[in-house]
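Q: Hi! I have this protein open on my screen and would like to talk it through. Can you help me find my way around?

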Amino acid sequence: MHSADTRQQHIDPLEAAGRHAVSGARRVVVKVGSSSLTTSEGLIDDGRIRDLVRVLAARRALGQEVILVSSGSVAAGMGPLGMARRPHDLASQQAAASVGQGLLVASYAAELAGHGLTAAQVLLTVEDMMRRVQYRNAQRTLRRLLDIGALPIINENDTVATHELRFGDNDRLAALVAHLMRADALVLLSDVDALYDGDPAAEGTSVVNLVRGPDDLDGIDIGSAGKRGVGTGGMVTKVDSARIATEAGVPTVLTSAANARAALAGERVGTFFAPADGRRPSARQLWLAHATAGRGSLVLDPGAVRAVVREKASLLPAGVVKVHGEFTAGDPVDLRDEEGAVVARGLVNYDAAEVPDLMGRSTRWLARELGPSYERELVHRDDLVVL
């Protein structure tokens with residue numbers, strides 16, 4: 001039998017302080033997965049939504065600002081469309097999402113109204129996060145909703161997202177929203193009550209109560225938690241999302257939806273991921289690393305790789321030997337070494353068609369031959385993140 005109940009064991013002071021910080025958080029992001037909200041047939045489970053809303057309303061009553069990132073639109077649309085299982089093709093997923101999103105938010109709105117709260121639907125795509133102006137707009141909107149007392153309910157806009165431009169799972173979206181909104185805590189709710197040191201169904205496995213950093217995950221087969229039900233994300237995506245959040249200094253708790261009240265109250269349930277010490281990445285760096293996808297790539301010579309990775313310098317045209325893909329100025333591009341490994345990502349200052357004529361040239365030469373507007377970096381260091 002695995003050791004699921006460790007509440008009577010000694011609690012590390014770091015974990016105790018972190019869980020206390022979660023309970024006292026001024027602003028918290030809560031993410032709930034599809035399998036925690038729907039029946040096995042794909043229909044919305046009104047009882048589960050009622051239970052979750054009751055918990056969130058109680059936190060609001062204590063003065064805590066709450067942002068909910070909720071999956072479930074595709075799952076909620078499956079039943080009405082007669083789908084026996086989650087569709088695999090994008091068009092069917094988008095059709096189910098278009099039916100289910102309205103049903104999902106209507107259920108939330110009805111339950112929140114019973115507590116005197118107003119639901120605010122916010123649908124985001126990766127494109128909204130790739131462009132600085134758009135994510136700033138999202139940030140302002142969410143801040144205003146909190147200021148006026150609404151409870152934002154965020155989901156990926158599945159009806160227009162593509163395979164190439166998706167968050168991949170709402171766990172990652174929740175981590176990015178926690179950073180965007182400078183949340184004091186992130187709580188990831190799913191159908192798994194914690195991270196285990198092996199398969200939760202196997203004998204002898206134990207709960208991992210505290211993750212201080214990557215070293216605490218060595219030797220753990222994170223993927224053994226697997227995927228369940230109608231959700232899209234397994235334990236790997238949840239742990240990766242916790243890493244994103246803790247990199248940004250946001251303490252994170254991973255547990256089941258049944259433990260939502262206890263997790264938000266700071267009780268010892270699930271797994272606590274401690275925020276990273278030291279310098280936190282800037283908003284721009286975190287978005288570039290985790291909310292963007294390269295539209296193309298630039299291949300760098302060894303000197304340019306060294307300058308970008310070790311010296312944190314801008315990428316100049318002189319260090320580029322090849323260009324791949326189609327992109328325009330302002331798009332994110334991957335920076336690769338000559339073996340093809342991605343070493344960084346950044347926002348490029350030129351269109352792909354312009355780059356071949358610039359490669360290998362100094363900015364001084366370009367300015368003299370092509371004009372002063374060409375005396376600029378291919379990727380400025382402020383718009384670049386080392387991966």
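A: Happy to! Let's begin with a hairpin: E11 and E12 form it, with five residues between them, and Gly 340 in the turn has a positive phi of about 95°. Helices (H or I, at least four residues) and strands (E, at least two) are DSSP runs numbered from the N terminus, and two strands pair if DSSP finds at least two bridges between them. This is a predicted model, where local features need pLDDT of at least 70 and side-chain atom pairs count only at pLDDT 80 or more, while totals for chains, interfaces and linings use all residues. Residues are numbered from 1 along each chain as its sequence is written, and side-chain values use heavy atoms, with hydrogens and water left out.

Q: Thanks! How many bridges join E11 to E12?
A: Five, and the two strands run antiparallel. One partnership to look at is Val 333 with Gly 346 in E12.

Q: What sheet does that belong to, and what is the strand order?
A: An open sheet of five strands, ordered E10-E9-E11-E12-E13, with mixed pairing. Strand E10 (320–325) and strand E13 (384–386) are the edges, each pairing on one side only. On average, neighbouring strands here are turned by 25° against each other, direction ignored.

Q: How does E9 pair with E10 and with E11, parallel or antiparallel?
A: Strand E9 (residues 296–300) runs antiparallel to E10, joined by five bridges. With E11, E9 runs parallel, through three bridges. For specific residues, Ser 297 has His 324 in E10 as its bridge partner, and Val 299 stands opposite Arg 336 in E11.

Q: Is E11 mostly covered or exposed?
A: Mostly covered: four of its five residues are buried, meaning under 20% relative accessible area (exposed is over 50%, partly exposed in between; 1.4 Å probe, protein chains only).

Q: Which helix lies across E9?
A: Helix H11 (residues 302–309), which also lies across E11, E12 and E13 and runs at about 110° to E9. For such angles, axes are lines fitted to C-alpha atoms, for helices over the stretch in contact, and the range is 0 to 180 degrees between N-to-C directions. Contact means heavy atoms within 4.5 Å.

Q: New topic: how many aromatic pairs are there?
A: A search of the whole structure finds one. Tyr 350 and Tyr 374 are stacked, 5.9 Å centre to centre with 25° between the planes. Rings of Phe, Tyr and Trp (its six-membered ring) pair if their centres lie within 6.5 Å; planes under 30 degrees apart count as stacked, over 60 as edge-to-face and the rest as tilted.

Q: Where do those two tyrosines lie?
A: Tyr 350 is in the loop between E12 and helix H12 (355–358), and Tyr 374 in the loop between helix H13 (363–370) and E13, so the pair ties together parts 24 residues apart in sequence. Tyr 350 is buried at 0% relative accessible area, whereas Tyr 374 is partly exposed at 21%.

Q: What lies over the face of Tyr 350?
A: Arg 376 does, 3.9 Å from the ring centre. Arg 361 likewise has its charged end over the ring of Trp 365, 4.0 Å from its centre. The test is NZ of Lys or CZ of Arg within 6 Å of the ring centre and within 35 degrees of the ring normal.

Q: Last one: how many helices and strands does the protein chain have?
A: It comes to 13 helices and 13 strands. Of its 387 residues, 50% count as buried.
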